[in-house]
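This report introduces a molecular structure to a reader who has not seen it before. Please look over the sequence and the model before reading on.

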Amino acid sequence: MFRFLLARLGILVPTFVGVTFVAFVLIRLVPGDPIEMLAGERGIGAERHAELMAQYGFDRPLWYQYGSFLVNVLQGDLGQSLVTRRPVLAEFLALFPATVELSLLAMLFAVLVGLPAGVLAAVRRGTFLDHAVMGASLTGYSMPIFWWALLLIILFSGMLQWTPVSGRIDLLYFFEPVTGFMLIDSLLADEPGAFASALRHLVLPAVVLGTIPMAVIARQTRSAMLEVLGEDYVRTARAKGLAPRRVVGLHALRNALIPVVTVIGLQVGLLFSGAILTETIFAWPGVGKWLIDSIARRDYPSVQGGIVLIAGVVMLVNLLVDLLYGLVNPRIRHAR
Amino acid sequence: MPAELTEAADGIKQPGPLLEFWHYFRENRGSVAGLVVICIVVLAAILADLIAPYGPAEQFREHFLAPPVWMEGGSWQFVLGTDAVGRDILSRIIHGSRFSLVIGLIVVSLSLAAGVVIGLVAGFFRGWTETMIMRLMDIILAMPSLLLAIVIVAILGPGLVNAMIAVAITYLPHYVRLTRASVIAETSRDYVVASRVAGAGLGRLMFVTVLPNCMAPLIVQATLGFSNAILDAAALGFLGLGAQPPTPEWGTMLADAREFVLRAWWVVTFPGLAILITVLAFNLMGDGLRDALDPKLKRS
């Protein structure tokens, strides 16, 4: 296990350095001069311009700029936002819990609906139920989620008035952030009204963000289950008279979970793409919306730092998923 | 009667590859349905000027936000209603099909062509070249695709062409990886060795000997890539980074319609439905292609 971890890190670290390089180069390629961008329409004198260029280090050679950027990144310093003048890392960390809360709930929704649906479709293979689940799954997979979000807003916020259109919580509630997760913080502050409000704000974005992962999980679970249900040990379990529920739930599902865990892990990277859209539509104050806003404001240090941080998170999660395999699948654990 | 039997056997021709493909493909009813829908969309795109009731930018100033025909106040004049500046939604959707198909076609061709060449190079020149290429692909894959596309559009400037380039770059790694994997599997086969011994040059080995045998997974990926390309380009349009208004691109139409979401649902509903149906059709067809082209991958 330890050797495996080392080997994975051996690939991970160069890839991460590569990401910092690509982020750096991409941002330098954006047309325009960052200082003039900062000065805005008022313009800026040549002398002050040179002074600021020197202050931000933009006058050094590019290789030097990249080198110091990389060294700073490895020390946890991602530079300063041009707009708010706050460290990029602090801005990111302040908004990250909102994105994590949304993503976790979306994944929860995806697994809670997708997994049973996939199992059911496999067990009732060829029936109407199977076709319905697969049809719904393919539709979910093909869904333009920004449109799906608008449809749900029309139905639940417009016609039924059950959920708010945007934001994280009603403005009348305030409590100290402890974990950054509204659902947990409101409970810690003992404010059931706030909890209900936070939940109502969270439901639609989570469903929207969870739709594609749900579809993928349902599909993958079904095919993994079908494969496992044809195995000899499942037949043996059936033959010795175990209840069908026990055969499916214990013997089959556990082994079918291995490819499903892979797929769930792969969804994490895609989740960020979805989060950008979902957060923009629901005005959810997370890192996805922050990145879009930063690009619109031409706040390039934020964009650069954001790319590096998000790619880092995606890579870490993928590593965790790989390690998790060992836990679900003993065969892999021993092979290493 | 043996004579008649041989005659009958002569009558049965070995089915050509196309016929065999069709035989497998039509078994999957969903894929055939997908193919039919795609044909309809293609026809709509080609004949848009003839079948659309109005031009995509034509405004009717007395009919702002007119509801669709089956609702109160709707009329057959505007079957799916009009948008906030009085343009017929049906006509815009029909014209928009051109953009979606062209987007899919160009994005897939770009990333397929580049991906195949890079993948072939990686698969043939092992060692350093391969490592560099594959690590670069890992880097692209580590970034969320939409984020990367947005940054690339920020560099190139918003617009449909730049959005297509950006989306094509984000899909590049999939084709590179697929091509490289099949190339490595193929190059150890006898027929490649034979061809090499017979004196085939590198270019011939790559493109004539090996590439045709790697095509099946690439075709499947390309069909599925079509639907992803349409989705991503629409998302960029929706964020205001893709096609610019008043282009009747479906995602851009949705961006325009966002502020009317609670007042006029039809402005939002129909362009999105068009995206969903088209993407669904391509995904259905992709499934069928996979089953037909690659019996090994046949879904259980």
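The paragraphs below describe chain A as a whole and then two annotated segments of chain B.

The model is predicted: local features need pLDDT of at least 70 and side-chain atom pairs pLDDT 80 or more, while totals for chains, interfaces and linings use all residues. Residues are numbered from 1 along each chain as its sequence is written, chains are lettered from A and ligands numbered from 1 in the order in which they are written, and side-chain values use heavy atoms, without hydrogens and water.

Chain A contains 14 helices and 0 strands, where helices are DSSP runs of H or I with at least four residues and strands are runs of E with at least two. Along the principal axes, the C-alpha atoms of chain A occupy a box of roughly 85 × 55 × 40 Å. Of the 336 residues in chain A, 47% are buried, that is, under 20% relative accessible area with a 1.4 Å probe, counting protein chains only. The exposed area of chain A is about 16600 Å², of which carbon and sulfur atoms supply 66%.

For chain B, the unreviewed UniProt entry lists several stretches as "transmembrane region", including residues 146-171 and 218-243; such annotations may be inferred rather than shown by experiment. The table describes these two stretches.

| Residues of chain B | Helix | Strand | Distance between end C-alpha atoms |
|---|---|---|---|
| 146-171 | 88% | 0% | 11 Å |
| 218-243 | 81% | 0% | 28 Å |

How values were computed. Buried < 20%, exposed > 50% of the residue type's maximum accessible area, 1.4 Å probe, protein only. Areas by Shrake-Rupley, 256 points an atom, 1.4 Å probe, with all protein chains shown as cover.
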